[in-house]
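This report goes through the burial, packing and charge pairing of a single protein model. The structure comes next, followed by the term on which much of the reading rests.

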Amino acid sequence: MAEVTNKQVVLKDYVSGFPKESDMVLTSSTLKLKLPEGSKGVLVKNLYLSCDPYMRGRMNNTSSFSYVESFKPGSPITGYGVAKVLDSGDPNFKEGDLIWGITGWEEYSIITATETLFKIQHTDVPLSYYTGLLGMAGTTAYVGLYEICSPKKGEYVFISAASGAVGQLVGQFAKLLGCYVVGSAGSKEKVDLLKNKFGFDEAFNYKEEPDLDAALKRYFPEGIDIYFENVGGKMLDAVLLNLRSRARIAVCGMISQYNLQQPEGVHNLTSLVFKQARMEGFLVFDYYHLYPKFLELVLSHIKEGKIVYVEDVAEGLESGPAALVGLFSGRNLGKQVVVVSRE
C-alpha cells in the first residue's frame with residue numbers, strides 16, 4: 001500500500017487582530033493512499049483551495065463571531081476546495097470523481113462529512129472555477145442578489161468590495177438584469193477592472209474618498225435600491241443615508257470588522273424605518289438546494305461570454321498562508337485561489 005508525504009498548513013495558535021503568515025506553519029506527515037477499513041468517507045487529492053474572508057472568524061478562540069466552528073491549533077486548516085477522489089467508502093463517490101466542498105489545507109485529505117461535497121459534472125470550464133464562480137462564492141452572489149434582493153430592471157445597485165470573488169459576479173448578474181451598477185474597491189487597478197472587464201457603469205476607489213456619503217450622492221443622485229454588503233463599518237453607514245424607498249440590503253459579509261478587537265458601531269439605522277427598507281443577512285449553506293438552478297444559469301452565461309471571472313492564483317500549498325492573509329489588506333485582484341496540484 002503506497003504511503004506518501006502529506007504537506008499541510010497548520011494553525012499555530014488562535015489569532016487576535018490582523019492574521020499574519022507566521023500564524024500558520026507548513027508541516028508534513030505521512031498518509032496511506034487507502035481509506036481505513038470500514039470508512040464511509042472519501043480519500044482525496046487536493047487540487048485547488050479557496051481563500052475566503054469568513055476563514056478569519058475560524059482563527060478566533062471563540063466562534064461567537066463566526067457561523068462555523070473554530071480551527072483547531074496544531075491541525076490543518078480547512079476550507080472550500082476542488083479535489084480528486086482516490087478511494088471511497090461512500091457509494092455516491094468513486095475513484096476518479098472530481099468534487100468541490102470543504103477539505104483540508106493539505107495535499108491529501110480524508111473527508112468524512114461527504115454530505116457536504118458536490119460532484120463536478122461539468123469539466124469544460126477551468127476546474128479552479130469551482131473554488132469561486134461555480135462554487136460557494138458564485139452561489140452566494142446568486143442568492144444574495146436574486147433571492148434576498150429581487151432586483152428589477154432599471155434599479156440602482158451598489159456593491160462594496162466589488163472586485164472580489166462575490167462582488168464581481170453580483171455586478172455582472174445585475175447588469176444582465178438591466179440595472180445601473182456601481183462598485184467600490186481599494187485600488188485604481190481594481191476600479192479599472194470593474195469598469196472595463198466586468199462592465200460596471202461606474203466604480204470608485206473608497207480610499208480616495210474622504211466623504212463616503214458625498215461619493216455615493218455623486219454616483220447615486222437618486223439614491224440606492226439595492227446594496228450588496230461585503231464591508232460594513234463606515235461604508236454601511238454612508239449607504240444608509242442614500243437609500244431609496246423600499247431599498248434592500250443583502251448582508252453577505254463585513255470584512256472591515258473581522259480583525260477589530262472592538263467592532264465599529266452603525267449610526268444611521270433609522271434610515272431603514274424612514275425608507276421602509278429591508279436589511280437581511282444570509283448564509284449560503286441554507287441555499288445550496290438552489291445550486292442546480294444557479295449552475296444552469298451561470299454555465300449558459302459563461303458559454304455565451306456574458307460572464308467573465310478573474311482569479312488571483314497563488315502557486316503551491318506553501319503560498320497559501322500569504323494568499324489567505326493578503327485578503328485582509330486587499331492584496332488579491334479577483335478570486336484568490338491556491339493551486340496545490342494541477343493533476
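A residue is called buried when its relative accessible area is under 20%, exposed when that area is over 50%, and partly exposed in between. The model is a predicted one, and the residue classes used below follow from those two cut-offs.

**Salt bridges**

Side chains of opposite charge can pair when their charged atoms come close. In this model the count comes to 20 salt bridges, and three of these pairs are set out in the table, each with its N to O separation.

| Pair | N to O separation | Relative accessible areas |
|---|---|---|
| Asp-52 and Lys-335 | 2.9 Å | Asp-52 5%, Lys-335 0% |
| Arg-244 and Glu-222 | 3.8 Å | Arg-244 26%, Glu-222 54% |
| Glu-315 and Arg-342 | 2.3 Å | Glu-315 47%, Arg-342 55% |

The salt bridge between Asp-52 and Lys-335 has one end in the loop between E3 and E4 and the other in strand E15 (residues 335–339), so it ties together parts that are 283 residues apart in sequence. Asp-52 is buried because its relative accessible area is 5%, and Lys-335, at 0%, counts as buried too.

The salt bridge between Arg-244 and Glu-222 joins strand E12 (residues 243–251) to the loop between helix H4 (212–219) and strand E11 (224–229), so the parts it ties together are 22 residues apart in sequence. Why does Glu-222 count as exposed? Its relative accessible area is 54%, and the class of exposed residues begins over 50%, so Glu-222 falls within it. Arg-244, with 26% relative accessibility, is partly exposed.

In the pair formed by Glu-315 and Arg-342, the closest N and O atoms are 2.3 Å apart. This pair links strand E14 (residues 311–315), where Glu-315 lies, with the segment after E15, which holds Arg-342, the two residues being 27 residues apart. Glu-315 is partly exposed at 47%, whereas Arg-342 is exposed at 55%. Elsewhere, a network of salt bridges links Lys-94, Asp-97 and Lys-119.

**Nonpolar cores**

The largest nonpolar core has 79 residues, and those with the most contacts inside it include Ile-77, Trp-100, Trp-105, Leu-133 and Leu-134. Helix H1 (residues 136–149) gives the most to this core, contributing eight residues. Which residues are in contact with Leu-134, once its neighbours within four places in sequence are left aside? They are Trp-100, Val-125, Tyr-129, Tyr-291, Phe-294, Leu-295, Val-298, Leu-299 and Ile-302. A second core, separate from the one just described, has 22 residues, among them Phe-204, Ala-215, Met-235 and Leu-240.

Helix H5 (residues 233–240) is mostly covered, since seven of its eight residues are buried. The buried residues of H5 are Gly-233, Met-235, Leu-236, Asp-237, Ala-238, Val-239 and Leu-240.

**Cysteines**

The count of disulfides comes to zero. Cys-149 is in no disulfide, the nearest cysteine sulfur being that of Cys-179 at 10.0 Å, and at 0% relative accessibility Cys-149 counts as buried. For Cys-252 the closest cysteine sulfur is in Cys-149, and because the two sulfurs are 11 Å apart they are too far for a bond; Cys-252 is partly exposed, with a relative accessible area of 23%.

**Loops, chain start and surface**

Thr-114 is found in the loop between strand E6 (108–111) and strand E7 (118–119), and it is buried, with a relative accessible area of 9%. Beyond residues up to four places away in sequence, Thr-114 touches Lys-40, Gly-41, Val-42, Asp-90 and Phe-93.

Ala-2 has its place in the segment before strand E1 (3–11) and is partly exposed at 46%. With residues up to four places away in sequence set aside, Ala-2 touches Leu-31, Lys-32 and Leu-33, and although Ala-2 and Leu-33 are 31 residues apart along the chain, their C-alpha atoms are separated by 5.7 Å.

On the surface, Tyr-67, Leu-283 and Phe-285 make a nonpolar patch of about 260 Å². Tyr-67 lies in the loop between strand E3 (42–50) and strand E4 (78–88), and its 43% relative accessibility makes it partly exposed.

Definitions and conventions. Residues are numbered from 1 along each chain as its sequence is written. This is a predicted model: local features need pLDDT of at least 70, side-chain atom pairs count only at pLDDT 80 or more; totals for chains, interfaces and linings use all residues. Side-chain values use heavy atoms; hydrogens and water are left out. Patches are made of residues with over 30% relative accessible area and no salt bridge: like charges are joined within 9 Å, nonpolar side chains (Val, Leu, Ile, Met, Phe, Trp, Tyr) within 5 Å. Accessible areas come from the Shrake-Rupley method with a 1.4 Å probe; for residues, only the protein chains shown count as cover. A salt bridge is a side-chain nitrogen of Lys or Arg within 4 Å of a carboxyl oxygen of Asp or Glu. Helices (H or I, at least four residues) and strands (E, at least two) are DSSP runs, numbered from the N terminus. Buried means under 20% relative accessible area, exposed over 50%, partly exposed in between (1.4 Å probe, protein chains only). Contact means heavy atoms within 4.5 Å. A nonpolar core is a set of buried Ala, Val, Leu, Ile, Met, Phe, Trp, Tyr and Cys residues joined through side-chain atoms within 4.5 Å. A disulfide is a pair of cysteine sulfur atoms within 2.5 Å.
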